[in-house]
Every structure is written in C-alpha cells, then in structure tokens.
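Open the model in your viewer and keep the sequence panel beside it. Each stop below says what to select and what is there.

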Amino acid sequence: MQSKGAIRFLAIAFAVACIFQLSFTWVSRNVESNAAEFANGNEAKKQSYLDSMQGQYVYNSGFKKYTYRDVKERELNLGLDLKGGMNVTLEISLVDLIKNISNNPQDVKLNAAITRAIEMQKNSQENFVTLFGKAFKEVAAGQKLATLYTTLELKNRVTFQSSNDQVLAVINEEAKGAIDRSFNIIRSRIDKFGVAQPNIQLLGNSGRILVELPGVKEPERVRKLLQGTANLEFWETYDNQKDNIANLLVEANKKIAALRKANGTAKLTDTTDATADVKDTVTIAKTGLSALKAEKKGPMSKADSTQKLREENPLFQYMQPAVYQTDKGFMAGEGPVVGMSAIKDTAKINELLSDARVRSVFPRNLRFLWNAKTVDKEGQFLQLVAIKASSRDGKAPLDGGAIADASGDYGQSGAKGEVSMAMSPDGAQIWKRLTKDNIGKSIAIVLDNRVYSFPTVQAEISGGRSSITGNFTINEAKDLANILKAGKMPAPARIVEEAIVGPSLGKESITAGVLSFGIALVLVLVFMAFYYAKAGWVANIALIANVFFIMGVLTSIGAVLTLPGIAGIVLAIGLSVDANILIFERIREELNKGTALTNAISDGFKGAMSSILDSNITTLLLGIVLFLYGTGPVKGFATTMIIGILTSLFSAIFITRLVFEYMLRKNQDISFSIPATKSLFSGVNFNFVGNRSKYYMFSGAVIAAGIISFFVRGFDYGVDFEGGRSYQVKFDNVVAAQDVRTALTPVLESAPEVKTFGGDQQVKITTTYLIQENTEVADATVESKINEGLAKTGLKYEIVSSQKVGPTIADDIQKSALYAVLLSCVIMFLFILVRFQKWQYGLGAVLALVHDVAIVLSVYTLLHGILPFSLEIDQHFIAAILTVMSYSMTDTVVVFDRIREYLSEKGKNNVYGTEKKSVINYALNATLSRTVLTSSTIFIVLLAIFLFGGEVIRGFSFALLVGIVIGTYSSICIATPIVIDLDNSEEKEEIKVDAELAIK
C-alpha cells in the first residue's frame, strides 16, 4: 500500500479530532448529571443550577477554556424525537404581501388574480409571484400592474410606464426581502424566548422557515410567538347603539336572505351547522330593531319552522347580535361590540359580511374585526368589533412603528399581565390627538387583525405611554412585548407543518434507539468473527472505528441526531461490512488459487476496489437525492447515511489495510474462514439465467396482486401525504380504537381515523377538522376538541406527540417524493451507462429499481390493516424506498462489475465457457457468497431495528426489511436477466470468440 505513513497520520488525526468533538458532549452530560444529583428530582432546582453554570468554565482543552454555554453549543445535538420538543415549518404569506404593497388592496381584479393564482398553485411548481402575474393577465387583460403598485414606498422602482414584468420583478424583490426579514425577526423572537439549541433555517427558495425547539413544553405559546406579525394598530371605533350598527346588521341579514332567494341557492354559505340559537332570531324579529316577520302559511312542523327561520335569517343563524332586554323591549348594546359567534362560524360570517352587495348596507369606512380572546370559560365564542377607518387611505391613524419600547408585567390588579408601551415623539403626538378626539369613545388596540382591548378614553393622554390589557397571563404579556420589540413582520407567517414530541416519548425513543443500535452492533461483530475468523476481528476494529468516526463528524458539523438518524447509522454498520466482505471474498478466491497470503491480500484489495467504489458511489448519489428532497427526520436519516458511506469507505479500505499490514510485519497468521465456512459457497452453480422466465412470472404475479389491491383497498396514506392533524395518545389502561372514535366524532363533527399504535394502550388519531384554517385560534380549537372528546373515555391519557400538515405542504411532500424517486432512477441510469458503456446495463438496473418499488408498494397495499403495526405511506416510507433503491443498486453494480470482468476475460481463455449466458451465469454464482453474506448481515441489522427500535420507526424498518429481500432477489433474478434479454449481441459475441479461439 502506497503512502502508508500519510494514511496512518490521517487516521490518527481523524481519530483525535473526533475525540475532541465528542468530549464536549461528555463534559455537558457530566455537568447535567451533577445538576440532577443536586436537584434530587426537583426540575426547577435543576434548571436553576444549570442557569447558574452558563458562564462558568467547565472544560479546559489545553488550548482554550470553555464555559458550560460553549460546551452546550458544541455537544452532539439530539433531535426532537429523542429529547422532546416542537418542530414547526412556517410559510410567509405572499398573498398578504402582494395585497399590502399595492395602492388598493380591495381592488376587485387584484383579488380575483390572487384567487386564480392560488388555484394555479395547486398544480404548479412555479413561485407564487410568477403565477400571480399570469393570473392577472388572465383576469385583467389590457390593464397594467403599475396602476396598482405606484405607491409612495415604491416610487423609485415602479412608475406608470413600468411593464408588468418590471413590476413583477419588484414584487419578487419585495417577497425575497420579506422572507429574509421574517427569518431575522423570528430568530430574534426565539432568542428572547430562551430555548436551548434552537435550529432556525430557511428552506431553500420555498419561502418557508424551519424552526426546531428542543424541550418546549408550551406549544400554544410558541405558536403565538411565531405566527404573530406584530402588526400593531390603534383604531377608532363605531358604537353599536349610537351609530345604529345593530339596525344595519338587521338590514344586512335581510339583504343576504333576499340574495339567496333570488339566486335560488345557498350560495352565500350553507344553512346547516349553525351554532347561534335560532330562537334568538325569533326574539329579535319581535322587537323594534328588526322588520323581520315570520310569515306562516299554514301549520308547519318544528323541523320545517327551524329551517325556514334559518333561510330568513342567514346572518343571525351564525351570530348573536349585541342586544339586551329591557322593560320597553330589546335594545342595542353600547360600545364597539356588535355581536358574538362560535369560533368555527367566524369564517362564514366573514364571508357573508365581505360580499360587495352586503357591504353596501354599511358605511364605507366600517370594518369588522374579531376579538383575540374568547369571552366564555369553555373558549368557544368570540366577540365582533366595529372598527372605523377614518383616514383617507384606510390605514390606522397609529401603528406599531410608533412603539419605541415594550415590556410585559403584572397589571395594577396584580392578577393579570399587561404590556406597557413607550412611544416615539411623533407617535406620542398622534396618540395625544387621537385620545383627545375620542373622549368618551372606545379605541381598539389591534394586533395582527385581532382586537386585544377597546378601552374607553376618559381624557387626553400625553407623554406617549400606554398599555395593552386583554386578560393576559404573565407569559403572554412578556411574549407580546418581545414580539413588539423584535419588530413587525413584513407579511403574516402561518404554520403549515408542525410536529410535537413529548418528553416521555423522547425518553422511550432514546431507549429504543440505543437498544436497537447495541443489539445490531453486537450481532454484526459476532457474525463477522464467526464467519471470517481472525480477519473478521480486523473488520470489527474497522467497524467500531467507523461508528466512532460517524459520531465525531455528526458533532463537528452540528448535525442533529434523530431516531431515523440512528437507523441510518445502524444501516451504515451493515453497509460498511459490505466493503469488507467484498475484499475478504476476493482474498479467499486468491488463496484458493494458491496465491501467497501477502499477495492474496494485495490482489484482494485491488480486485474489490472497483465494486466497492461503484456500489458506494451509487448509494452516495441516492443519499444526496434524499438529503435534497427530504425534510425533518428524513433529512436526518440522509445525513447519517451519507456520513456513514464516506467513513465506512475510509475504515474498510484504509483502517483494515493498516491492520493487515501490521499483522504481516509481525508475521502473524491471518485466517479468513473457519472450517465450517471455508467451502460454504464453493461449487454452487444455480441456473439463474435459464430460469429467468419463472422469476418474471413470480414478480408479475405479486405486482398484479398489488395493483388489484390498490384499486380495491388503496394505501394507508400518512398525514404528511394527505394533510391534516394526527395525535399519538397514551392511555393508562387498555382502550379500544372504536371507543375513542365514538367519543371524538361528535366534537370533531365527523369520524376521525383512530388506529391502535404500539400496543392496546396507545392510539393514533388523524383528523382534517379545521385543517383549511391556518390560524393559531384553529390550532387551539382542534386541540381543545380533542381533549374534550378524549375526556369522555373516562381514562387518564397523555398526548405524547402530535403532527400537523397543511394541504399545501402535503401537496409539496407528494411532489418532492415523486421527483426524488424519478431523479434517482435517472441518476442511476446515467451512472451505469457511464461506468459500463452499454445502455442495456443502465436500463436493466433502472427496471430492476422500478420492480423493487412496485413489489414493496404491493406488499404495503396487500398487508395494511392486517399486520399489527402501521404501514402508512409517508415521508419515512419514501426514505425507506430510496434506501432500498440504493441497496438494490449496490447489489446490482457488484454483480455487473463481476460480469464485466468475466466478459473481458472470456476472449483470453475458455474457463467460463464461450456463450455469453454461461459467462453471466458463472459471474452470478461467483458473487453469490458476497450477495448472501451482505444481505444476511444487513437483514440482521434491520431485524434488530424492527424488533427493538420502537413503534415510531417500525413501519419504516419493515419497508427496509422487505426491500432488502426484494433488492437481493432483483439484483440476481431480474436486473441481469433483463440485460440479457435487451442485449441481442449474443450471436455476434459467440462468432467473435470462436474467431479469436481459432486464431489462437
């Protein structure tokens, strides 16, 4: 081996670097162990101890001293599935941005173009601004965008002469700037929130931001912190009684009823599923507030009467007006509150009141906004407030730009929190005038289009100080103050994907991950030592070094170790053994020929190098595809797999060789087998080529059964493919899935999917309830409904994890998965074409990959609901499919390499026969020992993951188990036979060989 000294130095330097990187984790765990011992089970005391250690030096490396804070930043990061926490994907609302930067956000054609662009986005990968430009061209033919975007803010960039393309370029710039500013604002908010080791990153050019917060125990608080745009506004208000808003609502109710009757349809919302009691509409009809009178044309049933009242009162069936009863009858209530509605009906009321024909009933400067806080203990009802937009441009007279500072603390009562604000000099002057002009009236304090309070002004307020009250807890007040100080978001951010893992599940995952890792490692070590004797122990040294290198690299690059990441490491253990098996089998072949040990080792490494490099490059390419297209835990799996491939190459090729060189210098005997394994695969001669039609028939039958099952039973799609919310719930006793479904159906308004998950005390609940409403109120409502339904079971329970995937991101996940699989096939075809110089090899390999995917999918559709664990098609399944493809391709490339080698030797001698089919069949049998040994090793590893890795990745590991078996089968029985059937040069090849033999 050339440059032994350099390689030895590199190995030692690499090991020292890994030890140094991992030392931070050891020191950090030691400090935390001391904290736990000091606290004696008191979590608050433990946290206080750790806080006091933040600035203390706890580690001296000999070159530099490190504080506990420094050590924590450099330790091995555990993913949320291992330590608990919250993973959130935020999407910046470009719809709101496009509206906000225009000079007329209410423009009919502008809004029509936005609506059209939203529809187009469902079937397009183009960015939203480009789609908006196309949509505007459709709905506003001939009109220039410049007419809508000549504003003071854009005066130097958009003029009346600007073309649509120029305006779209400016909007794109604004969008990119908005995303970058939003990213910085969110980072600032998280820093103030005080989470240890947060991970915040922009997700490419998608306009999305990933936020990972380990250890978070208050998800509702985080949602508010992340989704608040900090768009603070101070508005004047209308009075429900004095400004006659109550009567105008009655007129609007009549208008909607007339429009519905004229249309003959329920176009302005449905008349079913209303929360407001229809008896209220009857009461109002009897007062002077309403001119509505129920016309009776003969006797009606109670059901008919109720339906008629709903038809005649389409607005009041959803909203209870702000009225009260006196001795003289019903009167409109004073103040800016005009009504109240259930949270689930607010969207319907917004739709009714925003219709242009209904808007004509009200003053042009009247806006309706909902309260931020519910008014009832159950948290189900919100108040509607009448806002007066008195300025000419329709904007608030005072906004958050006037806030110089903000702080959250207890209010004067000492029971509730409030936010104190200090205004800038200009803001103080506006506030002084605004309060002077509205003495005796209410001013609404609005944040992100939600009314937090509407205090009545008692006197002019000077000095620029004010406060926001709104039934806050102290934490809510502090968070709101942080949001105001961090700055206003340029556009709203909405949570489109969310995953929460409770600490108890995190501990279970760590236990399961470590157990599966340990068992897999021990099994592989024992297997290698048993089969290859002393050489097996050399491979084990390289294997342990490989695991050590993987952990060191993960720590040094700041990667996050997740549960699928542990699966990636365990799989890397199996794959790293493959290189050693290839080398050892080659060495054994040389020894069987009578080659001396030293030369046999040298020739074995040389002979195996081509197969090792080809197989690892194919796996690496697929790992890169998985990394680029995967998100969250899938990306974690890809990261560890890529690192594992690179370190296993280094360990198998260089570490193993260095150990052999040392043993040879010491004249030590090196055995590569025990008597039981020495001739295990010698003399095998299966007719794989001749039986290929049988393999085609078998595979065709399985795939055909899968296709039939797909049309009959379909797949069990996960929430990240269909969109929705899922909750993993652990009960303190045995519970039936049907009982949970029955309890949840009334509160969620439709039956959710409930499946037993990991034992008879756990279930997984999936629902699409309110998934179209991307607001923090909707998130809180769904969680409240889930808890309300679960309480009916009468059992104690814990929601150990939850996941939310919005419809848009679910669509993106499906497309990304499809692109990843297709791109992988294209890359594999091109790589095989380049390496083997024949398209038949490339096409044969790709068809084998398609075959493998089809078989695994067939198994999933045939067995889901039958096996006692989840077989969902989700992101983890796609990761498994790509991993199966990489393994199958590794196996196929090794076989192709040996075929190429034997075909190149065919003309030199007649050892393998003169027929190409005979040569290929001999090559398949020659690689059978390596194929079976590698497959068996990886199968053992995956079996350990499947049995001991925990319920979360059981479906994932099952797909890998099936895939390894199918991949091994296809590399021998499908890929190579396809190459033979595609290649019609057999006759020419035989003539060429016969001619060469005749010449010789």
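The tour starts with the whole chain and then moves through selected parts.

**Before you start**

This is a predicted model, in which local features need pLDDT of at least 70, side-chain atom pairs count only at pLDDT 80 or more, and totals for chains, interfaces and linings use all residues. Residues are numbered from 1 along each chain as its sequence is written, and side-chain values use heavy atoms, with hydrogens and water left out.

**The whole chain**

Show the protein chain as a cartoon: 33 helices and 27 strands are there. Helices (H or I, at least four residues) and strands (E, at least two) are DSSP runs, numbered from the N terminus. Of the 1000 residues, 52% are buried, where buried means under 20% relative accessible area, exposed over 50%, and partly exposed in between (1.4 Å probe, protein chains only). Contact means heavy atoms within 4.5 Å. Among contacts with a separation of 6 or more, 74% are between residues 24 or more positions apart.

**The open sheet**

Select the sheet with the order β5-β6-β4-β20-β26-β23-β25-β24, an open sheet of 8 strands with antiparallel pairing. Two strands pair if DSSP finds at least two bridges between them. Which strands stand at the edges? They are β5 (199-202) and β24 (753-756); each has a single partner strand, so one side of each is left without a neighbour in the sheet. Neighbouring strands of this sheet are turned by 20° against each other on average, direction ignored.

Next, select residues 85-92 (β4) and 493-501 (β20), antiparallel strands joined by 8 bridges. Label T89, whose bridge partner in β20 is E497. Then add residues 219-227, helix α10, which lies across β4, β6 (208-214) and β20 and runs at about 155° to β20. Axes are lines fitted to C-alpha atoms, for helices over the stretch in contact, and angles run from 0 to 180 degrees between N-to-C directions.

**A hairpin**

Go to residues 57-60 (β1) and 65-67 (β2), which pair in the antiparallel sense over 3 bridges. Y59 has Y66 in β2 as its bridge partner. The hairpin has 4 residues between the strands, and G62 takes a positive phi near 100°.

**Two loops**

Most residues other than glycine have a negative phi, and most peptide bonds are trans. Select N667, a residue other than glycine with a positive phi near 55°. N667 is in the loop between α21 and α22. Is N667 buried or exposed? N667 is exposed, with a relative accessible area of 71%.

In the loop between α21 (633-665) and α22 (675-678), select S673 as well. Leaving aside neighbours within four places in sequence, S673 is in contact with Y531, Y532, A533, R588 and K678. The C-alpha atoms of S673 and R588 are separated by 8.5 Å, with their positions 85 residues apart along the chain.

Now select Q837, in the loop between α27 (807-836) and α28 (839-863). Q837 has a positive phi near 60° and is exposed, at 62% relative accessibility.

**A helix pair**

Finish with residues 928-948 (α31) and 954-982 (α32), helices that pack at an angle of about 170° with their axes 9 Å apart. The two helices are therefore roughly antiparallel to each other (angles over 145 degrees count as roughly antiparallel, under 35 as roughly parallel, 65 to 115 as roughly perpendicular and the rest as oblique). Show side chains for the residues that meet, including L928, F939 and L947 in α31 and R954, F958 and I972 in α32.
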